[in-house]
Amino acid sequence: MRPLEVEDLYKFISVSSPKISPDGSKVAFVTTKVNREDDTYDSRIWIMDLHLRKPVYVTDGPLDYSPSWSNNGEYLAFLRRVKDTVELHILNAPSLRALME
């Protein structure tokens, strides 16, 4: 096994903030990786159907985080950082289903 090198850090993708849907059928989570060109981090929200085990990204970042399901599972809210502000975004169930097909 070789030692870790600085270049390896650009290959890492971290997974965080898993949130199980109220019915237990899906999980929303965040992936984060280093953006080498901008010297920042990029993050996006993914959803995985726990039966199919096929993850699909539902946002395209670059700084999306904190997914949260509504109590009935019909909506997924998340935060997006744009410059110096934070925006609240909400995806509805039809939009999520279309993205996952």
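Lys19 stands opposite Ala28 in β2, and that pair is a friendly place to start reading this predicted model. Six bridges join β1 to β2, and the two strands run antiparallel. From here, the tour moves through the sheets, the core, a pocket and a few backbone details.

**The four-stranded sheet**
- β1 and β2 belong to an open sheet of four strands, ordered β1-β2-β3-β4 and paired antiparallel.
- β1 and β4 are the edge strands of this sheet; each has a single partner strand, so one side of each is left without a neighbour in the sheet.
- On average, neighbouring strands here are turned by 30 degrees against each other, direction ignored.

**The three-stranded sheet**
- Another open sheet has three strands in the order β5-β6-β7, again with antiparallel pairing.
- Its edges are β5 and β7 (85–92), each with a single partner strand, so one side of each has no neighbour in the sheet.
- From one strand to the next, the twist averages 20 degrees.
- Four bridges link β5 and β6 in the antiparallel sense.
- If you would like a pair to look up, try Asp64, whose bridge partner in β6 is Arg80.

**The nonpolar core**
- Ten residues make up the largest nonpolar core, and the list runs Ala28, Val30, Ile45, Ile47, Val58, Trp69, Leu76, Phe78, Leu91 and Leu96.
- Three strands, β2 (26–35), β3 (40–49) and β6 (75–82), each supply at least two residues of this core.
- Ala28, met above as the residue opposite Lys19, is thus worth finding again, as a member of this core.
- Trp69 is a good residue to centre your view on: leaving aside residues up to four places away in sequence, its contacts include the core members Ala28, Ile47, Leu76 and Leu96.
- Trp69 also touches Lys19, Ile20, Ser21, Pro22, Lys26 and Tyr75.

**The second largest pocket**
- The second largest pocket holds about 170 Å³ of space.
- Its lining is formed by Ile13, Thr31, Thr32, Lys33, Asp42, Ser43, Arg44, Trp46, Asp60, Gly61 and Pro62.
- β2 and β3 are the elements that give two or more residues to this lining.
- β3 gives the most, with four residues.

**A cis peptide bond**
- Gly61 and Pro62 are joined by a cis peptide bond, with omega at about 20 degrees.
- Pro62 sits in the loop between β4 (54–57) and β5 (64–69).
- Both Gly61 and Pro62 also appear among the residues lining the second largest pocket.

**Two serines with positive phi**
- Ser17 has a positive phi of about 55 degrees, although it is not a glycine.
- Ser17 is found in strand β1 (residues 13–20), and it is partly exposed, with a relative accessible area of 28%.
- Ser66 likewise has a positive phi of about 55 degrees without being a glycine.
- Strand β5 holds Ser66, which is partly exposed at a relative accessible area of 35%.
- Each of these serines lies in an edge strand: Ser17 in β1, and Ser66 in β5.

Notes:
Residues are numbered from 1 along each chain as its sequence is written. This is a predicted model: local features need pLDDT of at least 70, side-chain atom pairs count only at pLDDT 80 or more; totals for chains, interfaces and linings use all residues. Side-chain values use heavy atoms; hydrogens and water are left out. A nonpolar core is a set of buried Ala, Val, Leu, Ile, Met, Phe, Trp, Tyr and Cys residues joined through side-chain atoms within 4.5 Å. Buried means under 20% relative accessible area, exposed over 50%, partly exposed in between (1.4 Å probe, protein chains only). Contact means heavy atoms within 4.5 Å. Two strands pair if DSSP finds at least two bridges between them. Axes are lines fitted to C-alpha atoms, for helices over the stretch in contact, and angles run from 0 to 180 degrees between N-to-C directions. On a 1 Å grid over the protein atoms alone, a cavity is a set of points where a 1.4 Å probe fits but cannot get out, and a pocket is an open set with protein on both sides within 12 Å along at least five of seven lines; lining residues have an atom within 4 Å of a point. Grid points are joined across faces, edges and corners, and a volume is the space filled by probe spheres set on the points.
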